[in-house]
Amino acid sequence: MVRSRQNMVKALWLLTMILATTGSAAKGSNAEIEFLLSAISSSGCQFVRNSTKYPAIKAETHLRMKYRNAVRYVSSAEDFVIRIASKSSWTGKAYQILCPDKESQTSAQWLSDQLNHYRAGASD
């Protein structure tokens with residue numbers, strides 16, 4: 001009986017540690033996703049979705065809606081970029097970002113670059 005109780009305590013402790021780690025990872029991912037959404041809205045760039053250009057604030061609103069509807073499929077900022085913010089879920093066509101005085105690039109590349117800059121700054 002004592003041994004069974006010790007095993008149960010160990011199992012509960014392990015489960016608590018796993019859940020605590022998962023929770024902090026999710027909080028970190030959420031902060032990164034919020035950063036990416038803010039980076040889009042304040043970028044001054046245009047967002048091309050299904051061949052139509054949208055201002056940055058509309059792009060942020062659209063991606064926030066997509067994220068809200070598909071949050072269960074996103075466990076990291078990379079998931080957000082790949083599953084939510086890189087292409088149309090209707091047509092499969094890649095989103096593009098058009099920034100002043102810069103070449104067009106996919107939103108996946110632009111967001112990945114933003115995420116890398118954010119992480120580099122966070123580790124300083």
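Where does R49 lie? Let me start there, because this is a predicted model and one residue makes a convenient way into it. R49 lies in strand 1, which covers residues 46-49, and I will come back to its surroundings once we have the outline of the chain.

The protein has four helices and four strands, and from the N terminus on these elements run in the order α-β-β-α-α-β-β-α. Of the 124 residues in the protein, buried residues make up 29%. If we take the contacts between residues at least 6 apart in sequence, 51% of them join residues at least 24 apart.

Now, back to R49 and its strand. Strand 1 is joined by four bridges to strand 2, residues 52-55, and the two run antiparallel. Within strand 2, T52 is the bridge partner of R49. The hairpin that these strands make has two residues between them, and there N50 takes a positive phi near 50 degrees. As for the side chain, R49 lies over the face of Y54, at 4.4 Å from the ring centre. Leaving aside residues up to four places away in sequence, R49 touches Y54, H62 and Y95. R49 is buried and yet has no salt bridge, since the nearest side chain of opposite charge, that of E60, is 12 Å away.

What, then, does E60 pair with, if we look at its salt bridge with R64? The side chains of R64 and E60 meet at 2.8 Å, N to O, and both residues lie in helix 2, four residues apart, which is about one turn of the helix. E60 counts as buried, because its relative accessible area is 11%, whereas R64, at 26%, counts as partly exposed. R64 also meets E34 in a salt bridge, here at 3.0 Å, N to O. E34 lies in helix 1 and R64 in helix 2, so this pair ties together parts that are 30 residues apart in sequence. E34, for its part, is partly exposed at 29% relative accessibility.

A search of the whole structure finds four salt bridges, and another of them is formed by R119 with E32, whose closest N and O atoms are 2.8 Å apart. This pair links distant parts of the chain, with R119 in helix 4 and E32 in helix 1, 87 residues apart. E32 is buried, with a relative accessible area of 13%, while R119 counts as partly exposed at 29%. E32, R119 and E78 are linked in a network of salt bridges.

Let me finish with the aromatic rings, of which the structure holds three pairs. One of them, F35 with Y118, is stacked, with 4.4 Å from centre to centre and 25 degrees between the planes. Here too the pair links distant parts of the chain, F35 being in helix 1, residues 2-41, and Y118 in helix 4, residues 107-122, with their positions 83 residues apart in sequence. F35 is partly exposed, at a relative accessible area of 27%, and Y118 is partly exposed as well, at 28%.

Another pair, Y67 with F80, is edge-to-face, at 5.5 Å centre to centre and with 85 degrees between the planes. Y67 belongs to helix 2, residues 56-70, and F80 to helix 3, residues 77-84, the two being 13 residues apart. Are these two residues buried or exposed? Both Y67 and F80 are buried.

Technical notes: Residues numbered from 1 in each chain as written. Predicted model: local features only at pLDDT ≥ 70, side-chain atom pairs only at ≥ 80, totals over all residues. Heavy atoms only, no water. Phe/Tyr/Trp six-rings, centres within 6.5 Å; stacked < 30°, edge-to-face > 60°. Buried < 20%, exposed > 50% of the residue type's maximum accessible area, 1.4 Å probe, protein only. Lys NZ or Arg CZ within 6 Å of the ring centre and 35° of its normal. Lys, Arg positive; Asp, Glu negative; His and termini not counted. Contact = heavy atoms within 4.5 Å. Pairing = 2+ DSSP bridges.
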